[in-house]
Amino acid sequence: MKIGIVTGIPGVGKTTVLQKVKEILDKEGINNKIINYGDFMLKTAISLGYVNNRDEMRKLPVEKQRQLQIDAAKGIAKEAKEGGDGMLFIDTHAVIKTPSGYLPGLPKYVIEEINPYIIFLLEAEPRLILERQKRDTTRSRTDYSDEKVIIETINFARYAAMASAVLVGATVKVVINAEGDPSIAANEIIRSMK
């Protein structure tokens, strides 16, 4: 499967855009799969008793987060190899804000295992991201609830995505998730993957 990694700060709308990507590709009859990197990490973290929910993972010691990343990368690479022709999209983060600084979401040991075709940076205006975060009452994102932190995180994500792409020869594409119509971003992602 051709792999695209879709990254973005919490609240930018990755999950919504990827749901639209799946809907469009299903209608076109194109084999596709959406994988949430955090789901792989969360299953392992819960089974080991590290956390009770996804938002607690960002607060784990960096060593534990690294091991969870490695385990997830191996599981996702295995699914991609078994998936046949088509497109596989991974919903993840280029960087994770931790108490000890920014942790690369796609370090060498992850990006080389997954070997993507494209790394997408899904972005939106910081004000819109804050509004989306407030509407999503199912998550706790207080560590990203300031426009300055959002801008800083977006910048670090850009640097990190390019550094990761260099390791595997992937391209990096910024896609804007405009308010109100996730199909615009979804179609841009699909066009880039074709």
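Lys108 comes out partly exposed in this predicted model, with a relative accessibility of 48%. Its salt-bridge partner is Glu112, and the N-to-O distance for that pair is 3.1 Å. In total the structure holds 10 salt bridges, and a few of them are picked out below, along with the way helix α1 packs on helix α7.

**The pair inside helix α4**

- Lys108 and Glu112 both sit in helix α4, which covers residues 108–114.
- Because the two are 4 residues apart in that helix, about one helical turn separates them.
- Glu112 is at 38% relative accessibility, so this side of the bridge counts as partly exposed too.

**Arg158 and Glu123: a bridge from helix to strand**

- Arg158 pairs up with Glu123 in a salt bridge, with 2.6 Å between the closest N and O atoms.
- This one ties together distant parts of the chain: Arg158 belongs to helix α6 (residues 147–168) and Glu123 to strand β6 (residues 118–123), 35 residues apart.
- Glu123 has just 8% relative accessibility; the cut-off for buried is under 20%, so Glu123 counts as buried.
- Arg158, on the other hand, is partly exposed at 37%.

**Arg54 and Asp39: a bridge from loop to helix**

- Arg54 makes a salt bridge with Asp39, and here the closest N and O atoms are 2.1 Å apart.
- Again the pair links distant parts of the chain, with the two positions 15 residues apart: Arg54 is in the loop between α2 (37–47) and α3 (62–82), while Asp39 is in helix α2.
- Asp39 has a relative accessibility of 35%, so it goes down as partly exposed.

**A shared-partner network**

- Lys20, Glu23 and Lys27 are joined into one network by salt bridges that share partners.

**How α1 sits against α7**

- Helix α1 (residues 14–28) packs on helix α7 (residues 182–193) at an angle of about 65°, and the axes are 8 Å apart.
- The crossing of α1 past α7 is right-handed.
- On the α1 side, the contact is made by Thr16, Val17, Lys20, Val21, Ile24 and Leu25.
- On the α7 side, the residues are Pro182, Ser183, Ala185, Ala186, Asn187, Ile189 and Ile190.
- Sorted by character, the residues of this contact split into 9 nonpolar, 3 polar and 1 charged.
- Lys20 turns up twice in this briefing: it is part of the α1 contact with α7, and it is also a member of the salt-bridge network with Glu23 and Lys27.

Definitions and conventions:
Residues are numbered from 1 along each chain as its sequence is written. This is a predicted model: local features need pLDDT of at least 70, side-chain atom pairs count only at pLDDT 80 or more; totals for chains, interfaces and linings use all residues. Side-chain values use heavy atoms; hydrogens and water are left out. Axes are lines fitted to C-alpha atoms, for helices over the stretch in contact, and angles run from 0 to 180 degrees between N-to-C directions. A crossing is left-handed if the near helix is turned anticlockwise from the far one by less than a right angle, and right-handed if clockwise. Contact means heavy atoms within 4.5 Å. Ala, Val, Leu, Ile, Met, Phe, Trp, Tyr, Cys and Pro count as nonpolar, Asp, Glu, Lys and Arg as charged, and the others, Gly among them, as polar. A salt bridge is a side-chain nitrogen of Lys or Arg within 4 Å of a carboxyl oxygen of Asp or Glu. Buried means under 20% relative accessible area, exposed over 50%, partly exposed in between (1.4 Å probe, protein chains only).
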